[in-house]
Structure formats: structure tokens, C-alpha cells
Amino acid sequence: ASFEPNATVIIRYHTFPTTNEETSANEDVENEDDGTQESTNNQVTEEILTVDNCPELKEILLSSDYSQIEEFANKYAGRIIEFDGYVADVMPYKDYKTRYKFLIYVGDSDETYSGGPSFQFVDVNIYDLHLVGENIPDYIKYGTKLHIKARVMEFNYNTGLFRLDPVETSVR
């Protein structure tokens, strides 16, 4: 179907009421056992892994041991990690002009880089980085310092690249 460029598009969706009538539609219930939060639709809000709450993340952010990095990636696939890094390289993705591969290293710059995985965002544009904060640039270039929240995808032992899916990114 085709639409006029200025056509208004309305998207509607339906959610089913919860079975627990004691909680309101917007109320979250804290799970005392593990500190996660459970919303009324029974979805658990996942804990973001940081160097403060996940010793294994802290270890691999300083490690160049592919076996250790691969073990972490397999164990935490699908989970969200958070760390500070910088853009070590930006390359076009295939023949696209607005899609890229970003190589991300831990730390602040090449001068301070002390090892760690070669993280990669693949087939993303600037909007896919989910940039937040007051300092949102029009583009991301080599050397840009980032604070990253990203979903663990996979580690390729042959290339040494640890693929992440950006969830939220801010420029530091």
C-alpha cells in the first residue's frame, strides 16, 4: 500500500489484563529474593551487568584471552552489559552509505587501551545506537568516548570480534 507523505499513521495495540487483580496496571512489584523488578504482566526487568555487580565482566574487560571471552559470551548471551569504551574504528557496512560496523574498545583512547575484547556493532546506523543524554552528535567518529549498554550477541573466536547489539549509548 502507498500513502501520501503527510498521511497520519495510527498504530494501536491491545494488552490483556493481568490475572492478579491486587496490582494496578502500572504498578511494579519488587522481588525480594533477587532484587529484580517484576511488572504486572509477569515480565522480569533484567539486571544490567556492570563491573560492580559482575566480576566476570570486570575480568574480561581487561582480558585478551579468547577462551575466557568466549566463555563469558556464551554464558551471558542475551544479557545486557554496561561499560565505558571508545570508537576504535568505523567502517561502512557492505555497500550502504548510512549503515556501519563500529569497533569498540574498553577505556578512553588508544593511548590508554590495556586489552579487552574487540567489541563490534554490526549493520547499525546512528539511530540504532539509541543515543541518549544532552550531547547527542549527528555522527559518531573514531575516538568518540561512549558509555555503552548493549546486549551480548556472540563472540567469534576466529576473528576475535565480540558482537553486541546496542541498547543505549551516550557520549562521554
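Here are five short exercises with worked solutions on the predicted model shown above.

**Exercise 1. Getting your bearings**

Task: Work out how many helices and strands the chain has, and in what pattern they follow one another.

Solution: Start with the count: the secondary structure comprises 2 helices and 8 strands. Next, walk along the sequence, where the order reads β-β-β-α-α-β-β-β-β-β. Now add some totals for the chain. It has 172 residues, of which 33% count as buried. Its accessible surface is about 11800 Å², and carbon and sulfur atoms account for 46% of that. Finally, look at contacts between residues at least 6 apart in sequence: 54% of them join residues at least 24 apart.

**Exercise 2. The two sides of helix α2**

Task: Find which residues of helix α2 are buried and which exposed residues sit on the face turned away from them.

Solution: Begin with the helix itself, which spans residues 66–75. Within α2, the buried residues are Ile-69, Phe-72 and Ala-73. Looking down the helix axis, you will find these buried residues within an arc of 100°, so they line one face of α2. Then turn to the face pointing away from the buried side: there you meet the exposed residues Glu-71, Asn-74 and Lys-75.

The next step is to ask what lies over the buried residues. Their cover includes helix α1 (55–60) together with strands β4 (80–92), β7 (145–156) and β8 (161–171). One last stop is the N-terminal end of α2, which is capped by Asp-65. A side-chain oxygen of Asp-65 is 2.9 Å from the backbone nitrogen of Ser-67.

**Exercise 3. Classifying ring pairs**

Task: Decide how the rings of Tyr-66 and Phe-155 are arranged, and then do the like for Phe-72 and Tyr-76.

Solution: A reminder first: two values describe a pair of aromatic rings, namely the distance of the centres and the angle of the planes. The model has 11 aromatic pairs. For Tyr-66 and Phe-155, the ring centres are 5.4 Å apart and the planes stand at 75°; planes over 60 degrees apart count as edge-to-face, so this pair is edge-to-face. Tyr-66 belongs to helix α2 and Phe-155 to strand β7, so the pair ties together parts that are 89 residues apart in sequence. As for burial, Tyr-66 is partly exposed at 33% relative accessibility, while Phe-155 is buried at 9%.

Now take Phe-72 and Tyr-76. Their ring centres are 4.7 Å apart with planes at 40°, so the pair is tilted. Phe-72 is buried with a relative accessible area of 3%, and Tyr-76 is buried too, at 10%.

To finish, put the pairs together. Ring pairs link Tyr-66, Phe-72, Tyr-76, Phe-83, Phe-119, Phe-155, Tyr-157 and Phe-162 into a cluster.

**Exercise 4. Is Ser-170 buried or exposed?**

Task: Place Ser-170 in its strand, judge its burial and list what it touches beyond four places in sequence.

Solution: First, the strand: Ser-170 is part of β8. Second, the burial: its relative accessible area is 18%, and the cut-off for buried is under 20%, so Ser-170 counts as buried. Third, the partners: leaving out residues up to four places away in sequence, Ser-170 touches Val-132, Lys-145, Leu-146 and His-147.

**Exercise 5. Around Pro-92**

Task: Locate Pro-92 and identify its contacts beyond four places in sequence.

Solution: Pro-92 lies in strand β4. Setting aside neighbours within four places in sequence, Pro-92 is in contact with Arg-99, Tyr-100 and Lys-101. As a further check, try Phe-102: it is 10 residues from Pro-92 in sequence, and the C-alpha atoms of the two are 8.8 Å apart.

Notes: Residues numbered from 1 in each chain as written. Predicted model: local features only at pLDDT ≥ 70, side-chain atom pairs only at ≥ 80, totals over all residues. Heavy atoms only, no water. Buried < 20%, exposed > 50% of the residue type's maximum accessible area, 1.4 Å probe, protein only. Arc of directions from axis to C-beta. Contact = heavy atoms within 4.5 Å. Polar contact = N/O pair within 3.5 Å; in protein donor to acceptor, adjacent residues only side chain to side chain. Phe/Tyr/Trp six-rings, centres within 6.5 Å; stacked < 30°, edge-to-face > 60°. Areas by Shrake-Rupley, 256 points an atom, 1.4 Å probe, with all protein chains shown as cover.
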